[in-house]
Amino acid sequence: MLFRSKVLTDGIVVRGADRNSVVLDGEDRLANGIYVAADGVRVENLTVHSYTQNGIVFNGIDAASGEYGVKPDQAYGTEGHSLEGYEVRWVTAYNNGLYGIYAFASVNGLIENSYASGHPDSGLYVGQCRPCNAVVRNNISEKNAIGYYGTNASGDVWVIDSVWRGNRLGIAPNSQEMEKLAPQEGTVVAGNLVVDNDNPLAPAIPEGFFGAGIVVGGGARNMIVRNRVEGHDYAGIAVIDFNQFKALGNRVEGNVLSANGADLLHNVAGDDTGGGNCYSSNSFRTSQPAGLEKLLPCDAAAAGPVPPVSVRQPVPPAEVDYRSIPAPPAQPSMPATEMSRPAGTAPFVRPDIDSITVPAG
């Protein structure tokens, strides 16, 4: 059904009776499937596809500016200047022109039990928020340019217990000047299955990055813990400088890695102590530089100096039209016990990191 919706009223629930039969189709003509510029909105139990921009978008600039109009110098995404409260649950988003599920300048959010594929930017996105207070869990993101992208998303961002497979790039918290609130910091990436994110048949990333599982690009004080990361041409887990932003104080611990170009990759320039980044208790075979856990342990002083790395990024494959990605199979619908939940989003609850374990292969 050719359909789009703009939600401007707080506390609305947009819920399908069945995830696989309630289908919003943009027919590659309409811009966004569901556009939200209001607080406390939930979108649940439906499918959205073939929009020229986004499947579902939460826009905190529109929500916060309201009748007063957008102020160019305002730090949208901070307290009092954000969309407050959003949830996406049991949603399928595929073959949209930019993002599947997109939360921008929005805080106190939840994206769970959802599926995204066939996007030339990222399947799931949280960006320009501080503190974000966002949980992204129990999702599947595959056959996208990027599985999860978190530009300038800082403060209690939890990307956990999900599957990221067959994208060109898996998970990427990152800092950029193109959005406000840089640098990015304070994301927890834990308990994820991150596999084969070197898929040449996925849509192309605008900047061409290819072949890595988890990449911290110029981010700070992130925790990358207890993930399983397998089968990447470039690197399993990489902590790198990005543009003018240095990667600082990131912790990579307790991950299980195999069959990657480099299981662990550290490429932070100009600091013999490694920028305060550390690596401990990971199960791996290869690292760049060699002996990385001995050079930069998490619970002892850096042994530095840290030598430069020699891993080259693979040449990205040719571009793929996102509209050519096959539609996904039917996905589990929302349980009947949850269908009567009233309006209003749940308050943010920080997950228990000690309960998160490495997933099975």
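**Loops, parallel sheet and aromatic packing**

Asn113 is found in the loop between strands β9 (106–112) and β10 (115–117). In this predicted model, the phi angle of Asn113 is near 55 degrees, a positive value in a residue other than glycine. Most residues other than glycine have a negative phi, and most peptide bonds are trans. Asn138 also has a phi near 55 degrees, again positive in a residue that is not glycine. Asn138 sits in the loop between β12 and β13 (140–142). Its relative accessibility is 39%, so Asn138 counts as partly exposed, because buried means under 20% and exposed over 50%.

Two cis peptide bonds can be described alongside these loop residues. The bond from Arg130 to Pro131 is cis, with omega near -10 degrees, and Pro131 is located in the loop between β11 and β12 (134–137). The bond from Gln288 to Pro289 is likewise cis, with omega near -5 degrees. Pro289 belongs to the loop between β28 and α2 (292–295).

For the chain as a whole, two helices and 28 strands were assigned. The radius of gyration is 20 Å, close to the 21 Å that the globule rule gives for 361 residues, so the chain is as compact as a globular protein of that length. The C-alpha trace spans about 55 × 40 × 35 Å along its principal axes. Of the 361 residues, 58% count as buried. Among contacts with a separation of 6 or more, 71% come from residues 24 or more positions apart.

Strands of a sheet pair through backbone hydrogen bonds, either parallel or antiparallel. In this chain, 11 strands make up an open sheet with parallel pairing, in the order β1-β4-β6-β8-β11-β14-β17-β20-β23-β26-β28. The edges are formed by β1 (5–7) and β28 (287–288); each has a single partner strand, so one side of each is left without a neighbour in the sheet.

Within this sheet, β8 (residues 99–104) has six of its six residues buried, so the strand is largely enclosed by the rest of the structure. On one side, five bridges join β8 to β6 (residues 54–59), and the two strands run parallel. In this pairing, Phe58 has Ala103 of β8 as its bridge partner. On the other side, β8 pairs with β11 (residues 122–127) in the parallel sense over four bridges, and here Ala103 stands opposite Val126. The series continues from β11 to β14 (residues 146–151), a parallel pairing with three bridges. In this pairing, Leu124 is opposite Tyr148 of β14. In a regular strand the side chains alternate between the two faces of the sheet.

Aromatic rings form a further set of links. Eight aromatic pairs were counted. One of them, between Phe58 and Tyr86, is tilted, with 5.1 Å from centre to centre and 40 degrees between the planes. Phe58 lies in β6 and Tyr86 in β7 (residues 83–94), so the pair ties together parts that are 28 residues apart in sequence. Phe58 is buried at 0% relative accessible area, and Tyr86 is buried at 1%. Tyr102 and Tyr125 make a stacked pair, with 4.7 Å between the centres and 20 degrees between the planes. Tyr102 is part of β8 and Tyr125 part of β11, so this pair ties together parts that are 23 residues apart in sequence. Both residues of the pair count as buried, with relative accessibility of 14% for Tyr102 and 1% for Tyr125. Tyr102 and Tyr125 also belong to one aromatic cluster, together with Tyr99, Phe104 and Tyr149. Elsewhere, Arg323 lies over the face of Tyr322, 5.7 Å from the ring centre.

The packing around Phe58 extends beyond the ring pair. Outside its neighbours within four places in sequence, Phe58 is in contact with residues including Val36, Val41, Leu83, Tyr86, Tyr102, Ala103 and Phe104. The largest nonpolar core has 54 residues, of which Ile34, Phe58, Val126 and Tyr148 touch the most other members. Strand β7 gives the most to this core, with five residues. Apart from this core lies another, of 25 residues, among them Tyr76, Tyr99, Tyr125 and Phe209.

How values were computed
Residues numbered from 1 in each chain as written. Predicted model: local features only at pLDDT ≥ 70, side-chain atom pairs only at ≥ 80, totals over all residues. Heavy atoms only, no water. Buried < 20%, exposed > 50% of the residue type's maximum accessible area, 1.4 Å probe, protein only. Pairing = 2+ DSSP bridges. Phe/Tyr/Trp six-rings, centres within 6.5 Å; stacked < 30°, edge-to-face > 60°. Lys NZ or Arg CZ within 6 Å of the ring centre and 35° of its normal. Core = buried A, V, L, I, M, F, W, Y, C linked by side-chain atoms within 4.5 Å. Contact = heavy atoms within 4.5 Å. Rg over C-alpha atoms; globule rule 2.2 N^0.38 Å.
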